[in-house]
Amino acid sequence: MQFKRARIAALMAGAMMAASPVLAEEIRVGLSAEPSALDPYYHNLGPNNQMAQHFFDALIGQDDELRLVPGLATAWKPISDTVWEFKLRPNVKFHDGTPFSAEDVVFSINRVPKVPNTPSPFTIFTRPVKSIKVIDPLTIHIETNNPYPLLPNDMSRIMIMSAKAAAGAAPEGKTTEQLSKGEGLVGTGPFKFVEWVRGDRLVVARNDAYWGGKTPWTKVTFRPLSNNAARVAALLSGGVDVIENPPTTDLKKLRENPNVTITQAISNRVIYIHLDSFRDPTPGIPDAQKNPLKDQRVREALSVAINRDAIANRIMEGLGIPAADFLVYPMFGTRKDTPPIQFNPERARKLLADAGYPNGFSVTLGAPNDRYINDADVAQAVAAMWTRIGVKTQVEAVTRTVFFKNRDEFKYSAYLAGWGAGTGEMSDPLRALVATPNRDKGFGGTNKGRYSNAKVDALLEEALKTVDEKKREKLLQDAAAEAMRDVGLIPIHFEVSPWAAKKGLKYKARADQYTLAHNVVKDAKN
Amino acid sequence: MLVFIIRRLLQSLLALAVMSLLVFVGVYLIGDPVAILASPDATEVDREQIARALGLDRPLWEQYAVFVGEALRGNFGKSFVFGQPAMGLIFERMGATVELALVATVVSILVGLPLGIYAGLRPDGIAGRSIMAGSILGFSLPTFWVGLMLIMIFAVQLGLLPASGRGQVGSFLGLHSSLFTLNGIVHLILPATTLALVRAATTIRLARAGVREVLHMDYVKFARAKGLPERRVIGVHVLKNIMIPIVTVTGLEIGSVIAFAVVTETIYAWPGMGKLLIDSIVNLDRPVVVAYLIVVLFILVMLNLIVDILYSVLDPRVRLGEQKG
C-alpha cells in the first residue's frame with residue numbers, strides 16, 4: 001500500500017512536470033473575463049482595457065491608486081484655458097523597433113472615432129478635443145472645444161498605437177479583426193503579442209526594450225476562467241499562478257492556505273442605493289399617498305438605519321469598506337474629514353416620525369444578483385435593517401441584464417447598484433449619479449432616481465470648467481459634501497478587490513480592479 | 001423517400017423561423033444590449049450612437065425583418081460584442097466541442113456497453129446490482145457537481161490532471177485536435193469523463209435490458225445447445241442484436257451532447273461553442289445566440305434525418321413515407 005502510494009506520487013510529479021514545463025520566468029494568469037477584441041479603441045470595458053495596458057502605453061499613466069503619472073508624455077500643462085501642452089518621452093521605441101513620435105499620437109487620437117461598430121466607443125474621451133497640433137516631434141498641443149480640466153484623465157484612457165504598423169486600407173487603418181489576430185498590434189508597452197486562441201489562452205512575451213523597466217516575466221499566458229470554482233481550482237491545482245476575483249465564499253479558505261497569497265486593494269467602486277426623488281407618488285411604495293423619498297429626512301433615516309460595519313464584515317467577508325462618500329479618500333475630490341455615517345436606528349425612527357411616517361411604509365428594493373460582490377445578499381441585509389425601523393422592504397434581486405433594463409425604465413423606487421469611477425476622481429460619479437439628468441450636458445446618465453439638487457449642479461458645472469487644480473478640487477469636495485448632506489444617494493461600501501497568487505508570487509493590487517501581468521511580483525517573504 | 005426528405009426539410013425551415021422569432025423576442029424582453037455593452041460612463045448621446053450602430057434603434061419587427069432578409073442571403077449578422085460575423089465565431093469554436101462530444105460518446109460506449117452486458121448476464125449478482133445502482137447515480141448527479149468533484153479530487157487533491165483548458169492542439173492529416181498531443185489528451189480526460197457519465201448510464205441501462213431480453217430468444221438457446229463457446233454466443237449473437245437501440249440512442253444523443261455541453265465547457269473552461277453561448281446570453285449578444293441555435297437545430301435535424309434513413313435501411317418494415325414527423 002505504502003509502495004503504491006509512493007508510485008502514485010511519483011506519477012503525479014511526473015505528470016505535472018510533463019504538463020507544464022515551466023521556466024522560472026513564465027507565469028499563467030486566470031482571468032474572470034476575456035477581452036472581446038484586442039483593438040484598444042473597440043470596446044471601452046475592463047477586460048479590454050486591462051489587456052491593452054500590456055501592449056500599449058497612454059500619454060499619461062495611472063498608478064495603483066489611480067493618480068496620474070507620466071506615461072508616453074513626461075510632462076503636461078495647460079498653456080491657456082483651452083490648450084494643453086504635452087511633452088513626449090524621448091527615445092521610446094515601438095515593439096517593431098520604430099521610434100515613437102508626435103505623429104503616432106495624432107494618428108491614435110484620430111483613429112478613435114473611425115473604428116466602426118464599437119459597442120462602447122472611446123469617443124467619450126476624444127470628443128472634447130478640437131484639434132491636435134504637432135509643435136516638434138516631442139511636443140504636441142491639444143486644443144479643446146471648451147475649458148476642459150479633465151483632458152489629462154481622458155488622455156490616460158487612450159492607448160497610443162504605432163502610426164506605421166497600424167496603417168491599412170480601411171479608414172481606421174488596421175481593422176479590429178486584424179488587430180485581434182495580432183496584425184498591426186504594435187505598441188510601446190511592456191509586452192508583445194504572441195497568440196490569441198479565443199476562449200482558451202492569450203499569450204504575450206516580454207518587450208525587452210520597454211522604457212519603463214523590464215518586468216521579470218518573459219512569457220505570460222492569460223486564461224479566461226469565467227466560472228468562479230473553476231478559477232480557484234485552476235490556481236490550487238497549479239494550472240495558473242495568479243487569479244483575479246477569487247469568490248468571497250472561498251476567500252476564507254484561501255487565506256488559510258499556506259500555498260496561496262491573497263492581496264487586495266480598495267477599488268474605485270462604490271456600492272450605493274439610489275432612491276426615486278422625482279415621481280409623486282412612486283410605484284415601488286404603494287401604501288403612501290405621496291413619495292416619501294422626496295423628503296431629505298426620510299432619505300437620511302434610510303441611510304442611518306444601515307449598519308455598514310456589519311455588512312462590510314459579515315456579508316462582504318472584509319471585501320467592503322463602509323462608505324460615506326462617492327470615492328474613497330485620498331482620491332481627487334474626496335475630503336479627509338468625511339465622517340463615517342453612524343448606524344443609529346433610534347435616530348432613523350425619529351427622522352421618519354418627523355417626516356410624518358411614524359409607522360413607516362413599504363418599499364421594493366431592486367438589485368442585481370450577479371453583478372457586484374454579493375450584491376443580492378447586501379440588498380437582503382439592507383432590507384432587514386430598513387424593516388427594523390418600520391420601512392417594510394422587499395428585495396427584488398434579478399440577473400443583471402434584467403436589472404439594468406428595469407432600472408433604465410424607472411421600474412424601481414429604490415435600487416442597489418455600483419459605480420466604478422474610471423478616471424479615479426470626483427467629477428465622474430457626481431456627473432453620472434447625482435447631477436440632474438440633462439442629455440445635452442451629458443449629466444445624470446446613471447441618475448435613475450432622477451435626483452436633482454441645483455447647488456450640486458452649479459458646483460459641478462463650475463468644477464468642470466475650472467482648469468486650476470486647487471480650485472477644482474475644492475469645488476468637487478463641496479459638491480460631494482452637499483450631495484451627501486442631502487442624501488442624493490445612500491453610499492453603502494467601497495468594494496475591495498482581491499487577487500490570489502500561488503506561494504512565492506504576489507499581486508500588487510490596483511484600485512481600478514485591473515489585472516496586469518507586470519503587477520505580479522516575486523514575493524520577498526519566500 | 002424523396003418526398004419524405006423534402007417534407008422533413010420544409011418542417012425544419014418552419015421550426016427555424018419560429019425559433020429565430022422566439023429568440024429575437026426573448027432577448028428583447030430580457031434586456032437592452034446597449035445597457036450591457038456601453039461603458040457606464042457613456043452619456044445618453046453615446047448610447048443612442050451605439051444603438052444606431054448596432055441597428056437596435058429600430059422597432060423590433062423591423063430588426064427581425066432585416067435579420068430574415070440578410071439570413072436568406074446567408075448572412076447571419078455580426079456579433080454585438082466581437083464585431084465579427086456570428087457564424088464565423090461559432091465555427092471557430094465548433095472543433096473543440098465536437099472533439100469533446102465524440103470522445104465523451106466513445107468513452108460512454110466503451111464503459112457502458114461491457115458493464116451493461118455484464119449486468120444483464122448476472123442481474124442478481126452483487127456486481128450486477130452495483131452497476132445498476134451506479135448507473136442511477138450517473139443519471140441523477142448533476143453534471144456541474146460531478147465536474148467540480150472530479151476537479152477537486154484529480155486536479156486539486158491528487159494533482160494528477162489539469163483542472164481546465166484545452167491544452168496543446170496537434171494537427172494530423174489537416175485535422176486539428178488535442179487528441180494528437182499527450183498534453184491535449186491529458187486535458188481531455190476530465191471534461192470527457194464528466195460529459196460521458198450520463199451517456200454511460202444510459203448505455204448501461206439499454207445494454208442490460210437488451211441482454212435480458214435477447215438471452216431468452218430461441219436463437220441464443222439454439223447457439224448454446226449447439227455447444228458454441230459462451231464468448232461467441234455473447235460476443236456475436238447477443239451483442240449484434242442489442243446494438244440497434246444503442247446505436248439509435250447514441251446517434252441521437254451526439255447531437256444534444258454537441259449542442260448542450262454548455263455546463264461542462266463552463267466548468268472546465270473548454271473553449272468550445274457552449275461557452276460562447278453562455279457568454280453571449282449573458283452579454284445579450286443576440287446575433288450569436290440566434291446563429292448558435294440555428295447551427296444546433298441544423299445538426300439535430302440532420303441527425304434525426306440520418307437516423308430515420310438508416311432505420312429504413314436496417315429494417316425494411318419501416319416505410320419512411322408513412323411516418324409522421
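**View 1. Phe144(B), a partly exposed residue in a predicted model****.** Start with Phe144(B): at 47% relative accessibility, this residue counts as partly exposed, because that class lies between the buried limit of under 20% and the exposed limit of over 50%. As for where it sits, Phe144(B) belongs to helix 7 of chain B.

**View 2. The nonpolar surface patch that includes Phe144(B)****.** Pull back a bit and Phe144(B) turns out to have company: Trp145(B), Met149(B), Met152(B), Ile153(B), Leu158(B) and Val263(B) join it in a nonpolar surface patch of about 580 Å². Helix 7 of chain B, which covers residues 143-157, gives the most to this patch, chipping in five residues.

**View 3. A four-stranded open sheet in chain A****.** Over in chain A, four strands line up in the order 4-5-7-6 to make an open sheet, and the pairing is antiparallel. Strand 4 (73-78) and strand 6 (129-136) are the edge strands of chain A, so to speak the sheet's borders, each pairing on one side only. From one strand to the next, the twist averages 20°.

**View 4. Strands 6 and 7 of chain A, side by side****.** Here strand 6 of chain A runs antiparallel to strand 7 (residues 139-144) of chain A, and six bridges join the two. One spot to look for: Asp136(A) stands opposite Thr139(A) of strand 7.

**View 5. Helix 3 packed on the chain A sheet****.** Helix 3 of chain A (residues 102-111) packs on the sheet and touches strand 5 (83-88), strand 6 and strand 7 of chain A. The direction of helix 3 makes about 170° with that of strand 6 of chain A.

Terms used:
Residues numbered from 1 in each chain as written. Chains lettered and ligands numbered in written order. Predicted model: local features only at pLDDT ≥ 70, side-chain atom pairs only at ≥ 80, totals over all residues. Heavy atoms only, no water. Pairing = 2+ DSSP bridges. Axes fitted to C-alpha atoms, helices over the stretch in contact; angles between N-to-C directions. Contact = heavy atoms within 4.5 Å. Patch = residues over 30% accessible without salt bridge, like charges linked within 9 Å, V, L, I, M, F, W, Y side chains within 5 Å. Areas by Shrake-Rupley, 256 points an atom, 1.4 Å probe, with all protein chains shown as cover. Salt bridge = Lys/Arg side-chain N within 4 Å of Asp/Glu carboxyl O. Buried < 20%, exposed > 50% of the residue type's maximum accessible area, 1.4 Å probe, protein only.
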